[in-house]
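Trainee: Got a minute to walk through a model with me? I'd like to go over burial, charges and a few helices.
Mentor: Sure, pull it up and we'll start.

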Amino acid sequence: MLLDRIMKAESVAIVGASKNETKRGFQTIRTLVAEKYEGRIYPVNPKEKSILGFKCYPSVSAIRGRVDVALIATPARSLPAVLKDCGSKKVKGAVVLAGGFGEMGSEGKALEDEMVAVAKKYKIRLIGPNTSGMLNLVDHLNLVGLRDAPRGDIALLTQSGNMALTLITEAKLKSRKGFSFYVGVGNEADITFDEYLEFFRQDPDTRVILMYVEGLREGRKFLQQAHKTTFEKPIVMLKSGRSSTGKRSAGSHTGALAGMSEVASAAFKRAGIIVIENSDELFPAAETLSSLPPIKNNKVAVLADGGGHATIAADLLTDLGMEIPELSDKTQVKLRKILPAAAAVPNPVDVAGGTDADPSVFASCAHTILKDPNVGGLLLVGLFGGYGIRFAESLALMEEDAAHQMGKMVRKRKKPIVVHSLYASEKPHALDLLRYYNIPVFDSLDIAVKCISTLGKYGE
């Protein structure tokens, strides 16, 4: 594949390697060692003999042995000369950390054009410039310096290092999911979003592609590749720069042409991209799509232990274009046998106290609902996971049993369950068990609804 030698590099030169612990040229070497990268590490600094036990080289061309990728941590003005040196060594790719290029105006754009011209002459592909780096969690190739990022099957493409840090931190704190790759796309001076999509479409370790985009340099190519990719893997995108102020900010950040017209939004959706408008919904949506099968008929049932949550959920789902079908007569009869007379069973289903003494009843209800041919997925909302906390500790075991049962249901029926719980932040064991079975749990009802709606959109 085109980008394999870069994204899965077996040897790395650190240009601008340093003994100063505050510098990326030191932090990267330290991180590669700490995370047990098995490839070759070549520090490059003409003033040093060794760094962290690795022999230092005066230049990339002086290195003996193959160099797949160079992490360049030197100032912007040095890039043309550094790339020329890399070219003489037949380096395949470079990760350019420095800013000061197209995002800085005409003078920076001229320097960027010169850098790209040298790279093309020597057939070097560039990540960046103005990037936070690249992270391959499968092969422990960490050219970002961020420690302890959780490994999983979500590929992360962003034009913001801070946004990447936010998403990775959220994954660590709130999820069992993690990342296969992270790429700070930067200015897209050479490798563009569409090329990364092609790589991740074919990557066996990636199941979902998560994107934060300020602007696209190759919009048509991107849409064509996205359309091809989404038939195989979901793409979740947050596109910023919708306002005039946001557009100016994006332009000064990456030098990209920003904007989110209705036409662009429609084009993204037509290409199969799941477009997210709120940043706090971005990782949950990707987590859900990487965990669960899509909803094939856009129809969802709601199971609640309170009428208020059931009503709010129904309104939110309707606003997002999801159908809430009335359950079949057969399903309603079975639910009536499980629940008290006061329960509402057409859909949404309100258990009306039927789970207070035995929360494992949730599993019985879920089993009955998911067997209904009108139902493509189930949203469970309310207190589940908190019965053992709020009412009696003995109920926690019943909740855990229900969690096991619901996890097995999803695997058997290939229909998703998404859970909203008021007790998600307290991390009871029942909710951990749901996550073990790849059932996502959220403390926000709005986010839970948004996430199950993405399964419907992707199913469509």
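Trainee: Is Thr368 buried or exposed?
Mentor: Thr368 counts as buried, because its relative accessibility is 9% and the cut-off for buried is under 20%. Keep in mind that this is a predicted model.

Trainee: Where does Thr368 lie, then?
Mentor: Thr368 is in helix α13, which covers residues 361-370.

Trainee: And which residues does Thr368 touch?
Mentor: Leaving out residues up to four places away in sequence, Thr368 touches Thr331, Lys334, Leu335 and Ile338.

Trainee: Lys334 caught my eye there. What does Lys334 gather with on the surface?
Mentor: Lys334 belongs to a surface patch of positive charge, together with Lys330, Lys337, Lys371 and Lys412.

Trainee: Which helix gives the largest share of that positive patch?
Mentor: That's helix α12, residues 329-338, with three residues of the patch. Lys337 is in α12, and Lys337 counts as exposed because its relative accessibility is 71%.

Trainee: Switching to charge pairs. How many salt bridges does the structure hold?
Mentor: There are 13 salt bridges in the structure. As background, side chains of opposite charge can pair when their charged atoms come close.

Trainee: Give me one to look at. What does Asp68 pair with?
Mentor: Asp68 forms a salt bridge with Arg5, and the closest N and O atoms are 2.7 Å apart. Asp68 sits in the loop between β4 and β5, while Arg5 is in helix α1 (residues 4-7), so the pair ties together parts that are 63 residues apart in sequence.

Trainee: How accessible are those two?
Mentor: Asp68 has 1% relative accessibility, so Asp68 counts as buried. Arg5 is partly exposed, because its value is 29%.

Trainee: Any other partner for Asp68?
Mentor: Arg66 also forms a salt bridge with Asp68, with 2.8 Å between the closest N and O atoms. Arg66 counts as partly exposed, at 44% relative accessibility.

Trainee: And what about Glu232?
Mentor: The side chains of Glu232 and Arg201 meet in a salt bridge, 2.9 Å from N to O. Glu232 lies in the loop between α7 (219-230) and β13 (235-239), and Arg201 in helix α6 (residues 193-202), so this pair links parts that are 31 residues apart in sequence. Glu232 is partly exposed at 46% relative accessibility, whereas Arg201 is buried at 13%.

Trainee: Which residues do shared salt-bridge partners join into one network?
Mentor: That network is made of Arg5, Glu10, Arg66 and Asp68.

Trainee: Let's change to helices. Which residues of α2 are buried?
Mentor: In α2 (residues 24-34), Gly25, Phe26, Thr28, Ile29, Thr31 and Leu32 are buried. Their cover includes β1 (11-15), β2 (40-44), β3 (50-51), β4 (54-55), β5 (69-72) and β9 (141-142).

Trainee: What comes just after α2?
Mentor: Lys36, just after α2, takes a positive phi of about 60°.

Trainee: And α16, which residues are buried there?
Mentor: In α16 (residues 429-436), the buried ones include Ala430, Leu431, Leu433, Leu434 and Arg435. The buried residues of α16 pack against α5 (161-174), α15 (394-413), β18 (417-420) and β19 (441-442).

Trainee: Which residue has a positive phi just after α16?
Mentor: Asn438 does, with a phi of about 65°.

Conventions: Residues are numbered from 1 along each chain as its sequence is written. This is a predicted model: local features need pLDDT of at least 70, side-chain atom pairs count only at pLDDT 80 or more; totals for chains, interfaces and linings use all residues. Side-chain values use heavy atoms; hydrogens and water are left out. Patches are made of residues with over 30% relative accessible area and no salt bridge: like charges are joined within 9 Å, nonpolar side chains (Val, Leu, Ile, Met, Phe, Trp, Tyr) within 5 Å. Accessible areas come from the Shrake-Rupley method with a 1.4 Å probe; for residues, only the protein chains shown count as cover. A salt bridge is a side-chain nitrogen of Lys or Arg within 4 Å of a carboxyl oxygen of Asp or Glu. Lys and Arg count as positive and Asp and Glu as negative; His and the chain ends are not counted. The place of a charge is taken as NZ of Lys, CZ of Arg, CG of Asp or CD of Glu. Helices (H or I, at least four residues) and strands (E, at least two) are DSSP runs, numbered from the N terminus. Buried means under 20% relative accessible area, exposed over 50%, partly exposed in between (1.4 Å probe, protein chains only). Contact means heavy atoms within 4.5 Å.
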